[in-house]
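Dear colleague,

I am passing this structure on to you, together with some notes on what turned up when I went through it. Please look at the sequence and the model first, and then read on.

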Amino acid sequence: MSTRAALLGTAKEAEQDSDKLLDLYWNRAELKKAYAEAQNQQHRLQKRIDEEKGVSERFKQKLEHLEALLVDPEWIFSVTVHYQLRALNNRCKHRLAAFSEQLKQQREQRQHKKLLDSWNSRRAGQAKEVESRLGSIRLKAQQCEEQALDEQNRLDDMGFFKRLLKGKKSHQQLDTLAETRAALDAKERELLSQLEQLQGVEPPGQQGLDLAAKRSINFMILAFAQQLYLLFQDDNLASLVKESGDKSVGAIQYGSKEDCDRILADISSRWNAFDTIMDYADVLQQRARLLSDKALFMKEDDAVPVAATLSTLIAINESGGVTERNANLLGENYWDVAKVVSR
């Protein structure tokens, strides 16, 4: 083997060894990356397991606490009252949330319909204008065609000598009419394209509620929240209902068995009143107007009024008489009203 061949062989082997070392390096880097990802995944899973254990432990403690209350003669009736009140509180929250969502959807649909009507009217006006121009162009094209036909007939009727004298002028007139007709045809195609574009324009989508609509909706929501409150105004039941949602079972003792029975009877008598609450639509609108007269806003673009300016509970009797007393439902967040108002 020559010296040159030996050197080439050695260089090739060195290059192969270098490639192997490089592959080994990248394989090792990939393994380290995969190992790090596996470690991170293990930490995340362990954290989640610990969190679930914590949740399970808290539920276990609550269950043991509830079991202890249920075997205690002094607490068993209060436990029943607590969960009945909580069910009533949840029903109030769901009713208010459903009313709020329905009201927002109705306003959005009404606003979108108004937007669509305006858009359709504007598009119809634009289309009418284009069609009017298109009709004018077609009328001119027809007149141009008739003039060209008349001129061609005159030219055809000319004798030999007359054609020599006046034929050139007729040909010029025909050329001018042909150019005019070509320009009119081009304008017609342009107007037809505009008309097609107008017909293909997509209508506008939902735009969201403006500030005035949001404020109007919020006053109706607050009026509805007050109507719910008025269902339970006797015997401080409204406060008990709200308190059941804020505190856990065992935090409040509602008295003796007789006291608890009385509260349960009150709850039962109020339960069916939910079915008639929408019979007060006129009352809600009147209350919303009265609330809007009292409301002040922190900033000009705020949709939710300052809670302190709406600390008046407005009751309206069947004859339209209005009585007022203090109750800040927005500030105290009755029925989670702060979550459902439009912002």
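**What was found**

Q143 counts as partly exposed, because its relative accessibility is 39%, a value that falls between the limits of under 20% for buried and over 50% for exposed. Please keep in mind throughout that this is a predicted model. Q143 has its place in helix 2, which covers residues 76–157, and its C-alpha atom is separated by 10.0 Å from that of L177, a residue 34 positions away along the chain.

Next, the empty spaces. The largest pocket holds about 350 Å³ of space, and of the 16 residues that line this pocket, those closest to its centre are Q227, Y280, V283, I316 and N317. Two or more lining residues are given by each of helix 4 (211–231), helix 7 (281–294) and strand 1 (312–316), with helix 7 supplying the largest share, four residues. By kind, the lining of the largest pocket divides into seven nonpolar, six polar and three charged residues.

How many cavities of 30 Å³ or more does the structure hold? There is one, and the volume of the largest cavity is about 40 Å³. The residues that line the largest cavity are L222, Q226, L310, L329 and L330, and they divide into four nonpolar and one polar, with no charged residue among them.

The aromatic side chains deserve a longer look. The structure holds five aromatic pairs, and one of them is formed by Y229 and Y334, which meet edge-to-face with 5.3 Å from centre to centre and 75 degrees between the planes. Because Y229 lies in helix 4 while Y334 lies in the loop between strand 2 (322–326) and helix 8 (337–340), this pair ties together parts that are 105 residues apart in sequence. Y229 and Y334 are both buried.

A further pair is that of F232 and W335, whose ring centres are 6.1 Å apart and whose planes stand at 70 degrees, so this pair is also edge-to-face, given that planes over 60 degrees apart count as such. The pair of F232 and W335 links distant parts of the chain, since F232 is found in the loop between helix 4 and helix 5 (237–246) and W335 in the loop between strand 2 and helix 8, 103 residues apart. F232 is buried, with a relative accessible area of 0%, and W335 likewise counts as buried because its relative accessibility is 1%. Taken together, Y229, F232, Y334 and W335 are linked by ring pairs into a cluster.

Charged side chains also lie over some of the rings. K242 lies over the face of Y334, one of the residues in that cluster, at 5.5 Å from the ring centre. Elsewhere, R215 lies over the face of F297, at 3.7 Å from the ring centre.

Finally, the cysteines: how many disulfides does the structure hold? It holds zero disulfides. C92 is buried, with a relative accessible area of 0%, and for C260, which is buried as well, the relative accessible area is 0%.

With best wishes

Methods
Residues are numbered from 1 along each chain as its sequence is written. This is a predicted model: local features need pLDDT of at least 70, side-chain atom pairs count only at pLDDT 80 or more; totals for chains, interfaces and linings use all residues. Side-chain values use heavy atoms; hydrogens and water are left out. On a 1 Å grid over the protein atoms alone, a cavity is a set of points where a 1.4 Å probe fits but cannot get out, and a pocket is an open set with protein on both sides within 12 Å along at least five of seven lines; lining residues have an atom within 4 Å of a point. Grid points are joined across faces, edges and corners, and a volume is the space filled by probe spheres set on the points. Ala, Val, Leu, Ile, Met, Phe, Trp, Tyr, Cys and Pro count as nonpolar, Asp, Glu, Lys and Arg as charged, and the others, Gly among them, as polar. Buried means under 20% relative accessible area, exposed over 50%, partly exposed in between (1.4 Å probe, protein chains only). Rings of Phe, Tyr and Trp (its six-membered ring) pair if their centres lie within 6.5 Å; planes under 30 degrees apart count as stacked, over 60 as edge-to-face and the rest as tilted. A charge sits over a ring if NZ of Lys or CZ of Arg is within 6 Å of the ring centre and within 35 degrees of the ring normal. A disulfide is a pair of cysteine sulfur atoms within 2.5 Å.
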